[in-house]
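Here is a short guided look at one protein, written for reading beside the sequence and the 3D view. Please keep both open as you go.

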Amino acid sequence: MKYMDRTGAIQGSDDIQDRFLKGLYSNVIGRFFISLLIRPCVSKVGGRLLSTKLSGKIVPSFCKSNHIDLSIYDKQEFDSYNDFFTRKLLEDKQEIDYNPTHLVSPCYSKLSVYPIAKNMSFKVKNTRYTLARLLRSKKLASKYEGGVVCIFRLTVDDYHRYMYIDDGYQTQERKIKGVFHTVNPVANDVYPIYKENTRAYSVLQSKNFGNVIMMEVGALLVGKIRNHHCCCNVKRGEEKGYFEFGGSSIILIFQKDKIKMDKDIWNNSINGIETKIGMGEKIGEKFTINS
């Protein structure tokens, strides 16, 4: 898929994976096979295969084709593909903006932002979502009318660990069982993937941005969402968790008048273009009366 970097340059293209997924989701036979692939049991089997030593053989070619520099990670040799997929950045290679008024990205990803309407809904491409169905809670959804939804789409070449965006207190996590559609935008044209996919969320009672809903969404062949904390104080830049193999998404939901997104990201989203973002990179700022 095509997206834009912060300089305004278009990157990405309709590659083989995009064309393959579009073909599957756009016809009856393809959707039948999708109905089999998205089952949790298939993701579990896929996860086991990608945890074998044999799967580690594909790591060198994958790194070469996706221009991944292993020198910035804690190790360069891996026992399996999943071991590589969950690799960890060296601490001195993590460039995090610690300005407390700056809103930062929790991960490396392609970002889109959407306003939350009065009926607590937002639209991703041709699919409308309601917060009540996404969260399975009308009471919680009602607190975010007029706010903003940020969807961070991680692809297989991204770093799949993610962090807290601010100091604060993390509440109890809620897990919602579902299936595992790909989070590639082609799927969203056919299925309401963020309402159907397995997901987990909690609320960060943040120091600077109000009560932020932090949600992790599993996707095709993502067998596990691994979060570290529950009901405790956390710090900006602290690792929150990681995904095991596959594409996936992180969703942040902000209340009204708590943040102001950077103009380039907002304008790109209005035009249906994702913005390539680094973990810890500024994407907005704390809302003030003069914003």
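Thr275 is buried, with a relative accessible area of 0%, in a model that is predicted. You will find Thr275 in strand β18, which covers residues 274-277. What does its side chain meet there? The side chain of Thr275 makes a polar contact of 2.9 Å with the side chain of Asn268. Setting aside neighbours within four places in sequence, the contacts of Thr275 include Met4, Arg6, Ser109, Lys110, Leu111, Asp264 and Ile265, along with Asn268.

Another buried residue worth a visit is Arg199, at 1% relative accessible area. Arg199 belongs to strand β11 (residues 199-206). Which backbone oxygen does the side chain of Arg199 reach at 2.9 Å? That of Leu134. A polar atom of the Arg199 side chain also lies 3.3 Å from the backbone oxygen of Arg133.

Now for the charged pairs. The model has 12 salt bridges, and three of them are set out here.

| Salt bridge | N to O distance | Acidic residue, relative accessibility | Basic residue, relative accessibility |
|---|---|---|---|
| Asp83 and Lys75 | 2.9 Å | Asp83, 17% | Lys75, 29% |
| Asp158 and Lys110 | 3.1 Å | Asp158, 8% | Lys110, 2% |
| Asp262 and Lys282 | 2.6 Å | Asp262, 13% | Lys282, 23% |

Asp83 counts as buried because its 17% is under the 20% cut-off, whereas its partner Lys75 is partly exposed at 29%. In the pair of Asp158 and Lys110, Asp158 is buried and Lys110 is buried as well. Asp158 sits in the loop between β7 and β8 (161-163) and Lys110 in strand β4 (residues 109-115), so their salt bridge ties together parts that are 48 residues apart in sequence. Lys110 is also one of the contacts of Thr275.

The salt bridge between Asp262 and Lys282 links distant parts of the chain, 20 residues apart. Asp262 lies in the loop between β17 (259-261) and α10 (263-270), and Lys282 in strand β19 (residues 282-286). Asp262 is buried, while Lys282 is partly exposed. Through shared partners, salt bridges join Asp262 and Lys282 into one network with Arg6, Asp264, Glu281 and Glu285. Two members of that network, Arg6 and Asp264, are in contact with Thr275.

Let us turn to the nonpolar interior. In soluble globular proteins, nonpolar side chains tend to be buried together. Here the largest nonpolar core has 42 residues, and Phe84, Leu111, Cys150, Leu252, Phe254 and Met261 have the most contacts inside it. Which strand gives the most to this core? Strand β7 (residues 148-154) does, with 4 residues. Apart from this core lies another, of 20 residues, among them Leu131, Tyr144, Val203 and Ile213.

Phe254 is a good residue to centre your view on. Beyond its neighbours within four places in sequence, Phe254 is in contact with Leu103, Ile116, Tyr144, Gly147, Val148, Cys150, Ile165, Phe209, Val212 and Ile259.

Finally, step back to the whole protein. It has 10 helices and 19 strands, and 52% of its 291 residues count as buried. Of the contacts between residues at least 6 apart in sequence, 74% join residues at least 24 apart. The protein exposes about 14300 Å², with carbon and sulfur atoms supplying 53% of that area.

Conventions: Residues are numbered from 1 along each chain as its sequence is written. This is a predicted model: local features need pLDDT of at least 70, side-chain atom pairs count only at pLDDT 80 or more; totals for chains, interfaces and linings use all residues. Side-chain values use heavy atoms; hydrogens and water are left out. A nonpolar core is a set of buried Ala, Val, Leu, Ile, Met, Phe, Trp, Tyr and Cys residues joined through side-chain atoms within 4.5 Å. Buried means under 20% relative accessible area, exposed over 50%, partly exposed in between (1.4 Å probe, protein chains only). Helices (H or I, at least four residues) and strands (E, at least two) are DSSP runs, numbered from the N terminus. Contact means heavy atoms within 4.5 Å. Accessible areas come from the Shrake-Rupley method with a 1.4 Å probe; for residues, only the protein chains shown count as cover. A polar contact is a pair of N or O atoms within 3.5 Å; within protein, one must be able to donate a hydrogen and the other to accept it, and residues adjacent in sequence count only if both atoms are side-chain atoms. A salt bridge is a side-chain nitrogen of Lys or Arg within 4 Å of a carboxyl oxygen of Asp or Glu.
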